[in-house]
Amino acid sequence: MSQEKTRSLEKQVKIKAPRDAVWRAITEADQIVRWFALDAKVKPGVGGFVWLSWPGMAGEERIDVWEQGTHFRTSNPARPQVATDWYVEGEGGETTLRLVHSGFGEGADWDAEYDSLDRGWSVFFQNLKHMLERHPGAPGQQVMVPVPVGNVGLEQAWQCLLGPGVLGLERTGERTFKARSVTGEALEGEVDLWMPPRALGITVKNWNDARFTVDINGCDGEVRVWVCLLTWGLDAPAVEALRSRWQPALEGMFRPAA
């Protein structure tokens, strides 16, 4: 496959937070784990690295460009043509974060990865905006659940997740919802990302304004689902209680009834 032609994806978000807070959120390990990866290590500066980990996957990228406070670039030594540039601009209380993920090839071999990352960055950027605007400085913890999925279609997975067997979600306005979940909880909050049948982002008032995100990857018959609960300002027992209620419900959502 020829790699002469490449393509890029670009994301931008305006955040009501100081530029330094945004820079720290994307370059410091203890900040990154509040909105992005489950575990992180960073050695700043050119020649340094960013190592990120999620359940079942981990990877390290080399830092090629480091302009303190405004721009840095990482690339994977195994695929150096694929790079990620982060640009931070702004004054006062509002900052613009722009990401350019470049070096993707043309053709079907790259399409799945390109589409997945395009959608994934939308989810992550909304996480970051929510955290910095509504929970500045609050400690954050994540519960991340890769959901075992059988031979189902994308639409079936989407409906199953939103239906009474899991979330029981009902939209009550353009940006609001209420839900009666399989855990017995009556939930309410805002919908800030709605990309059926692939991605969902809601904020949950009942959990101290936490976020509940869903990313549905793959194609009909080969669907993979990731669910993440991002909390800020909750203590460890409260987060563990959330995990104990939700992890079994999510892991069993596609299990055939006994």
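**Entry 1: strands S4 and S5.** I started with the pairing of S4 and strand S5 (residues 71-76), which is antiparallel and runs over five bridges. Within it, I found Ile63 opposite Thr74 in S5. I note here that the model is predicted.

**Entry 2: strands S5 and S6.** I moved on to the other partner of S5. S5 and S6 also pair in the antiparallel sense, over six bridges. The connection is a hairpin that passes through two residues. Across this pair I saw that Arg73 faces Asp85 in S6.

**Entry 3: strands S6 and S7.** How many bridges join S6 to S7? I read off nine, with the strands running antiparallel. Glu89 stands opposite Thr96 in S7. I then looked at the turn: S6 and S7 form a hairpin with two residues between them, and Gly92 in that turn has a positive phi of about 65°.

**Entry 4: the whole sheet.** I put the pairs together. The sheet is open and has seven strands, in the order S1-S7-S6-S5-S4-S3-S2, with antiparallel pairing. Which strands lie at the edges? They are S1 and strand S2 (39-43), each of which pairs on one side only. I noted an average twist of 20° from one strand to the next.

**Entry 5: helices on the sheet.** I looked up what H1 crosses. H1 lies across S1, S2, S4, S5, S6 and S7, and runs at about 160° to S6. H3 packs on the sheet as well, where it touches S1, S3, S6 and S7. The direction of H3 makes about 15° with that of S1.

**Entry 6: nonpolar cores.** I checked which residues touch the most other members of the largest nonpolar core. Of its 38 residues, these are Ile26, Trp35, Leu52, Trp86, Leu97, Leu128 and Leu132. At least two residues each come from strand S1 (6-15), helix H1 (19-27), strand S3 (49-54), strand S4 (57-67), strand S6 (79-91), strand S7 (94-105), H3 and strand S14 (222-232). H3 gives the largest share of this core, seven residues. I followed Ile26 further: leaving aside neighbours within four places in sequence, Ile26 is in contact with Ile32, Trp35, Phe72, Trp86, Val88, Leu97 and Leu128. Apart from this core I found another, of 35 residues, including Val145, Phe177, Leu229 and Leu242. I add one general remark: in soluble globular proteins, nonpolar side chains tend to be buried together.

**Entry 7: His135.** I located His135 in the loop between helix H3 (108-134) and strand S8 (140-147). Is His135 buried or exposed? Its relative accessibility is 7%, so I recorded His135 as buried. A polar atom of the His135 side chain lies 2.9 Å from the backbone oxygen of Asp209. Beyond its neighbours within four places in sequence, I listed Arg34, His130, Asn208, Asp209 and Trp232 as contacts of His135.

**Entry 8: cysteines.** I counted zero disulfides. Why does Cys228 have no bond to Cys160? Cys160 holds the cysteine sulfur closest to that of Cys228, but the sulfurs are 19 Å apart, which is too far for a bond. I also compared how each is placed. Cys228 counts as buried because its relative accessibility is 8%. Cys160 is partly exposed, with a relative accessible area of 23%.

Methods: Residues numbered from 1 in each chain as written. Predicted model: local features only at pLDDT ≥ 70, side-chain atom pairs only at ≥ 80, totals over all residues. Heavy atoms only, no water. Helix = DSSP H or I, 4+ residues; strand = E, 2+ residues; numbered from the N terminus. Buried < 20%, exposed > 50% of the residue type's maximum accessible area, 1.4 Å probe, protein only. Polar contact = N/O pair within 3.5 Å; in protein donor to acceptor, adjacent residues only side chain to side chain. Contact = heavy atoms within 4.5 Å. Core = buried A, V, L, I, M, F, W, Y, C linked by side-chain atoms within 4.5 Å. Pairing = 2+ DSSP bridges. Axes fitted to C-alpha atoms, helices over the stretch in contact; angles between N-to-C directions. Disulfide = S-S within 2.5 Å.
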